[in-house]
Amino acid sequence: MGNRLTQIATRTGDNGTTGLGDNTRVSKDSLRVHAMGDVDELNSSIGVLLCEELPADVRELLGDIQHQLFNLGGELSIPGFELLKPEAVLQLDEALAHHNEQLPRLQEFILPAGSRAASLAHVCRTIARRAERAVVALGSAETLKDTPRQYLNRLSDLMFVLARVLNRMNGGDDVYWKSERMAGRTDEAAD
């Protein structure tokens, strides 16, 4: 395969447009470019998470996810093209089931905190939700396949579960929300 990127600074975007994979040019504030940017940010954030100490199976899974997110970015950059396959969503479903079965049931909301790795997973979760919203907005304006939206939805769920897994990696736990309303109920029950 030949080099695809021969020049990085082309200056063609200086007018506020960018080129898509089908050689059309669109405004950099278009819904498509917003979705592409959010997916790229998500992939980069997963790259930061991969700098942390992680269980081998989580590291391998995140590497696979980065490749799928690159496929998703490619699909978004070429209107009408499909790179992200439904099997990618199935992989996330299987990972969710596997990792979630090891966790205790949630009794209360948790804060996006704990270990550094878990906190980074929570950041990835929130970026995945933003990317999902961007893809939904694009899908309202243009025809898109279902897989990109489903993938991002499932990925945000998986990042939540992985944050919980990572908080327990070295004997830690989730950081629970201290709800005044719930605390009041506990106090009343004690009376």
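Helices and strands here are DSSP runs, with at least four residues for a helix and at least two for a strand. The model you're looking at is predicted.

**Exercise 1. Get your bearings: work out how many helices and strands the chain has, and in what order they come.**

Start with the count: the chain has 6 helices and 4 strands. Next, walk along the sequence, and the pattern reads β-β-α-α-α-β-α-α-β-α. Now check burial, where buried means under 20% relative accessible area. Of the 191 residues in the chain, 36% are buried. Last, look at contacts between residues with a separation of 6 or more: 71% of these join residues 24 or more positions apart.

**Exercise 2. Work out how helix H1 is oriented against helix H5, and which residues make the contact.**

Find H1 at residues 31–49 and H5 at residues 147–167. Their axes lie 14 Å apart, and the packing angle is about 20°. Angles under 35 degrees count as roughly parallel, so H1 is roughly parallel to H5. As for handedness, H1 and H5 cross in a left-handed way.

Now go to the side of each helix that does the touching. H1 brings Val 39, Leu 42 and Leu 49, while H5 brings Leu 152, Leu 155, Met 159 and Leu 166. Sort those residues by type and you get 7 nonpolar, no polar and no charged.

**Exercise 3. Do the same for helices H2 and H3, then sort their contact residues by type.**

H2 covers residues 56–77 and H3 covers residues 86–100. This time the angle is about 155°, and the axes are 11 Å apart. Anything over 145 degrees counts as roughly antiparallel, so that's the label for H2 and H3. The crossing of this pair is left-handed.

On the H2 side, pick out Asp 57, Val 58, Leu 61, Asp 64, Ile 65 and Gln 68. Across from them, H3 offers Ala 88, Gln 91, Leu 92, Ala 95, His 98 and His 99. The tally for this contact is 6 nonpolar, 4 polar and 2 charged.

**Exercise 4. Find the salt-bridge partner of Arg 130, and say what the pair ties together.**

A quick reminder first: side chains of opposite charge can pair when their charged atoms come close. The cut-off used for a salt bridge is 4 Å from nitrogen to oxygen, and the structure holds 11 of these bridges.

For Arg 130, the partner is Asp 38, with the closest N and O atoms 2.8 Å apart. Arg 130 sits in helix H4 (residues 116–141) and Asp 38 in helix H1, so the bridge ties together parts 92 residues apart in sequence. Then compare the two ends. Arg 130 is partly exposed at 29% relative accessibility, whereas Asp 38 is buried at 11%.

**Exercise 5. Decide whether Arg 164 and Asp 174 are buried or exposed, and trace the network they belong to.**

Begin with the bridge itself: Arg 164 and Asp 174 meet at 2.8 Å, N to O. Arg 164 belongs to helix H5 and Asp 174 to the loop between H5 and strand E4 (175–176), so the pair links parts 10 residues apart in sequence. Both Arg 164 and Asp 174 turn out to be buried. Follow the bridges outward and you get a network of Arg 164, Arg 168, Asp 173 and Asp 174.

For contrast, try Arg 149 and Asp 146, whose closest N and O atoms are 3.3 Å apart in their salt bridge. Arg 149 is partly exposed at 32%, and Asp 146 is partly exposed at 42%.

Terms used
Residues numbered from 1 in each chain as written. Predicted model: local features only at pLDDT ≥ 70, side-chain atom pairs only at ≥ 80, totals over all residues. Heavy atoms only, no water. Axes fitted to C-alpha atoms, helices over the stretch in contact; angles between N-to-C directions. Parallel < 35°, antiparallel > 145°, perpendicular 65-115°, else oblique. Left-handed = near helix turned anticlockwise from the far one by under 90°. Contact = heavy atoms within 4.5 Å. Nonpolar A, V, L, I, M, F, W, Y, C, P; charged D, E, K, R; others polar. Salt bridge = Lys/Arg side-chain N within 4 Å of Asp/Glu carboxyl O. Buried < 20%, exposed > 50% of the residue type's maximum accessible area, 1.4 Å probe, protein only.
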